[in-house]
Amino acid sequence: MNIDWTRMQTAEQRTAAALAEKRNAATLSKREFCLALAANAIISDAGCVAAAKGEWPDELSGFFAYLTPAQQRDVEIEWAGSGHVARMDTNILVMAAWLGLPDAAVDAL
């Protein structure tokens, strides 16, 4: 019997793979996401209410300084038209980094 040792994974590799799988599958409704932002005081209550309405929260407008006008337009349209927020969405990842949120904080949302 020959064992293919190249296919073996360490416990750390299995844990990392499981976490990546959970993150890729994680989504919240926009309502749930905005409630989590409020509960964790990530942005103001007024900002959370505006975000839940599909508006862009004032305190996050500084994020746009890092985007081209076309990217800003796309982010605003995606936010306004989206009913769900995916954990691994590029815009969420970039915004979380901009806010200084560690991965564990984003996972907790």
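**Reasoning from values to terms**

Modeller: Asn24 has a relative accessible area of 57% and counts as exposed; the model concerned is a predicted one.

Biologist: What makes 57% sufficient for Asn24 to be called exposed?

Modeller: The term exposed requires a relative accessible area over 50%. Asn24 has 57%, and therefore the word applies. This residue is situated in helix α1, which covers residues 11–25.

Biologist: How far apart are Asn24 and Glu55 in sequence and in space?

Modeller: The separation of Asn24 and Glu55 is 31 residues along the sequence and 26 Å from C-alpha to C-alpha.

Biologist: Why is Lys30 called buried?

Modeller: Buried means under 20% relative accessible area. Lys30 has 8%, so it meets that condition. Its place is in helix α2.

Biologist: Which residues does Lys30 touch, leaving aside those up to four places away in sequence?

Modeller: With that exclusion, Lys30 touches Ala51, Ala52, Gly54, Trp79, Ala80, Ser82, Gly83, His84 and Val85. For one of these partners, Val85, the C-alpha distance to Lys30 is 6.0 Å, across 55 residues of sequence.

Biologist: How do you know that Arg87 belongs among the buried residues?

Modeller: The value for Arg87 is a relative accessible area of 8%. The limit is under 20%, so Arg87 is classed as buried. The residue is found in the loop between β2 (84–86) and α5 (90–99).

Biologist: What makes the pairing of Arg87 with Asp107 a polar contact?

Modeller: The side chains of Arg87 and Asp107 approach to 2.8 Å. A polar contact asks for a suitable pair of N or O atoms within 3.5 Å, and therefore this pairing qualifies. Asp107 also appears among the residues that Arg87 touches beyond four places in sequence, together with Arg23, Ala26, Ile92, Leu93, Asp103 and Val106.

Biologist: Is Ala41 buried or exposed, and on what grounds?

Modeller: Ala41 has a relative accessible area of 65%. The threshold is over 50%, so the residue is exposed. Ala41 lies in the loop between α2 (30–39) and α3 (45–52).

Biologist: What is the phi of Ala41?

Modeller: The phi of Ala41 is positive, at about 50°, although the residue is not a glycine.

Biologist: How does the radius of gyration of the protein chain stand against that of a compact globule of 109 residues?

Modeller: A compact globule of 109 residues would have a value near 13 Å, whereas the protein chain has 18 Å. Its C-alpha trace spans about 65 × 30 × 25 Å along the principal axes. Of the 109 residues, 26% count as buried.

Biologist: How many helices and strands does the protein chain have, and in which pattern?

Modeller: There are 6 helices and 2 strands, and along the sequence they follow α-β-α-α-α-β-α-α. Among contacts between residues at least 6 apart in sequence, 57% join residues at least 24 apart.

Biologist: What can be said of the accessible surface and the charges of the protein chain?

Modeller: The accessible surface is about 7400 Å², with 57% belonging to carbon and sulfur atoms. The mean positions of the 9 positive and 14 negative charges are 6 Å apart.

Technical notes: Residues are numbered from 1 along each chain as its sequence is written. This is a predicted model: local features need pLDDT of at least 70, side-chain atom pairs count only at pLDDT 80 or more; totals for chains, interfaces and linings use all residues. Side-chain values use heavy atoms; hydrogens and water are left out. Helices (H or I, at least four residues) and strands (E, at least two) are DSSP runs, numbered from the N terminus. The radius of gyration is taken over C-alpha atoms; the globule rule is 2.2 Å times the number of residues to the power 0.38. Buried means under 20% relative accessible area, exposed over 50%, partly exposed in between (1.4 Å probe, protein chains only). Contact means heavy atoms within 4.5 Å. Accessible areas come from the Shrake-Rupley method with a 1.4 Å probe; for residues, only the protein chains shown count as cover. Lys and Arg count as positive and Asp and Glu as negative; His and the chain ends are not counted. The place of a charge is taken as NZ of Lys, CZ of Arg, CG of Asp or CD of Glu. A polar contact is a pair of N or O atoms within 3.5 Å; within protein, one must be able to donate a hydrogen and the other to accept it, and residues adjacent in sequence count only if both atoms are side-chain atoms.
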